[in-house]
Amino acid sequence: MTHVTNQQEPSLSEDFDTDFDTDVLIVGAGPSGLALAAALAAGGIRAAVIDRLAEGANTSRAAVVHARTLEVLEPLGVSSRLVDRGLQAQRFTIRDRDQVLMPIDFDTLPTRYPYSLMVSQAVTESVLLQRFVELGGQVLRPRELTDLMQDTAGATATLDDGSRLRARYVVGADGMHSSVRESAHIGFSGGSYDEAFVLADVRLSGGVPDAEVILYFSPAGMVVVAPLPGGLHRIVATVDEAPEQPSAAYVQALLDARGPKRERAIVQEVLWGSRFRVHHRVADVYRAGRVLLVGDAAHVHSPAGGQGMNAGILDAMSLAGALNKALTGDTVALDAYGAERRPVAEQVIALADRLTRMATVRPAFRAWRNLLLSALSRLPLVRRKLAWRLSGLVYR
Ligand SMILES: Cc1cc2nc3c(=O)[nH]c(=O)nc-3n(C[C@H](O)[C@H](O)[C@H](O)COP(=O)(O)OP(=O)(O)OC[C@H]3O[C@@H](n4cnc5c(N)ncnc54)[C@H](O)[C@@H]3O)c2cc1C
C-alpha cells in the first residue's frame, strides 16, 4: 500500500479534484465504523462505508454494552432496540472463589440504563447496520482499501477493484491492524501482554447467579463469568497458552480452579469459543490532516472491564459531532476530538492493567489484597466511583 501524502508536506499536490463522491469515507464496518456512519447519516452528512469482508463477522466477541454507550446512542434510536435484545445485569462483583471482595451495583446509577447490557457484538453490529440502512446508507463490501492519498482539499482512496473514491475526510475504523493508520504514518505505541485470552459462550448449571457479572481473581489468572441472553454465560480467562477451540472439559477445569467452590458451576455445552492475544496500544495522534481514527484503529487494550467496543462507539459518536462542525468550517473540532478521546483510551488501559495486576498477585500477598479490597468495598464512595467508571458515566 502506498502512503498518505501528508497535508503539511511541501510536495503537496495542487491539482486536486474537488468533485467529491462523499463527505466522509469510513474504512471498516465494525461497531465503531457503523456507529459513526449512522450518526453522520442522521445528521444529513454523506458517508460511504467500505469493508473488506463479504459480510459482517457473525460472532459474539465484545458482549457488554455499558450505560453511557446506550445514552449516547439514544438520539440514533438504537438503544431501545439493543435493550430489547440484551440481558440486563444490575450487579458486578469481584470475587476470590466464593468470597465477594467488591460488590458494585449499577441499579442506583442516575441513568435510564442502570445496568450492563449483555448482548453479543454480532447483534450490536446488526442493530447499527440496520439503522444506517434505514437512514439511506449502504456498506460497500467486499471492498478493501489499497491506497490513500491526501491533499489540501480532501483524500482519494483506491480500492482493491481499482475504483477510486474521493472524500473530504477519511476515517480509519479498520481495527487494530489499521491500514489507514499505517498509511498516515501514525505510530501505535504500547506493548502486548504475555498471557492469552480464551473465550467461550457456554450453557452452565448452578454455581453462579443469573444477572450478575463476576470477575474472579486467582493466582492462576482471572476468569470472568457473565450472563448472556438465552440462558448462556460468557467465560473469559487469561491463560498462558489458549487452545484454538476450548472444549467443555477445558472450560470446566478453568472454573473449577478459579471460579465458585461451594457450589460448582457445571459446563453443559460450549456454543462458541475463541482465543486472542491482547495488546495495550494507543495511536500517537487521532488525526493527520484529513485522516482520523476511531475504535480499535486508535486504541486496543485488555477486555478486563469490557471497555474496548464501548470506547470505540463513544469515539464514533464524538467524531460524528466533530466532523459535522468541520464540514461547516470549524476544523478545530477535529483536534478537540483527539484531545478528548485519547486520554480516555489511556485511562481504560490503566484500569484494565490495575485489574490484571490485582487479579494475579502472588499467593503471599493474596490475603492482604483481599483484606484491602474488602475494607475498600465498605466505603460507598469507592463502590460508586467504580460503578461510574465501569458504566462509562464518568465520561459524560
Ligand atoms: C475473539 C475476540 C473476542 C473479543 N472479546 C472482547 C470482549 O470480550 N470485550 C471487549 O470489550 N472487546 C472484545 N474484543 C474486541 C472487540 O471486538 C473490538 O474492540 C471491536 O470489534 C472494535 O470495533 P472496531 O469497529 O473499532 O473494529 P473491528 O471490529 O476490528 O472492525 C474493523 C473492520 O475493518 C475492516 N477492515 C480492516 N482493514 C480494512 C481495509 N484495508 N479495507 C476495508 N476494510 C477493512 C475489517 O474487515 C473489520 O470489519 C474481542 C475481539 C476478538 C477478535
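These notes cover arginine 143 and an open sheet with its packed helices in a predicted model.

1. Location of arginine 143. This residue sits in a loop. Strand S8 (139–140) precedes that loop, and strand S9 (145–150) follows.

2. Exposure. Arginine 143 has a relative accessibility of 27%. It counts as partly exposed because that value lies between the 20% and 50% limits.

3. Surroundings of arginine 143. Leaving aside residues up to four places away in sequence, arginine 143 touches Ile50, Asp51 and Arg52. It also touches Leu159, Asp160 and Asp161. With aspartate 161 there is a side-chain to side-chain polar contact, at 3.2 Å.

4. Distance to helix H9. Alanine 367 lies 224 residues from arginine 143 along the chain. Their C-alpha atoms are 54 Å apart. Helix H9 spans residues 363–377.

5. The sheet. Eight strands form an open sheet with mixed pairing. The order is S6-S5-S13-S14-S15-S12-S16-S19. Strand S6 (99–105) and strand S19 (299–300) are the edges. Each has a single partner strand, so one side of each lacks a neighbour in the sheet.

6. The S19 edge. S19 pairs with strand S16 (residues 266–283). The sense is antiparallel, over 2 bridges. In one bridge, valine 282 is partnered by histidine 299 of S19.

7. Helices at the S6 edge. Helix H9 lies across strand S5 (91–96) and S6. H9 runs at about 35° to S6. Helix H10 (residues 380–391) also packs on the sheet, touching S5 and S6. The direction of H10 makes about 65° with that of S6.

Definitions and conventions. Residues numbered from 1 in each chain as written. Predicted model: local features only at pLDDT ≥ 70, side-chain atom pairs only at ≥ 80, totals over all residues. Heavy atoms only, no water. Helix = DSSP H or I, 4+ residues; strand = E, 2+ residues; numbered from the N terminus. Buried < 20%, exposed > 50% of the residue type's maximum accessible area, 1.4 Å probe, protein only. Contact = heavy atoms within 4.5 Å. Polar contact = N/O pair within 3.5 Å; in protein donor to acceptor, adjacent residues only side chain to side chain. Pairing = 2+ DSSP bridges. Axes fitted to C-alpha atoms, helices over the stretch in contact; angles between N-to-C directions.
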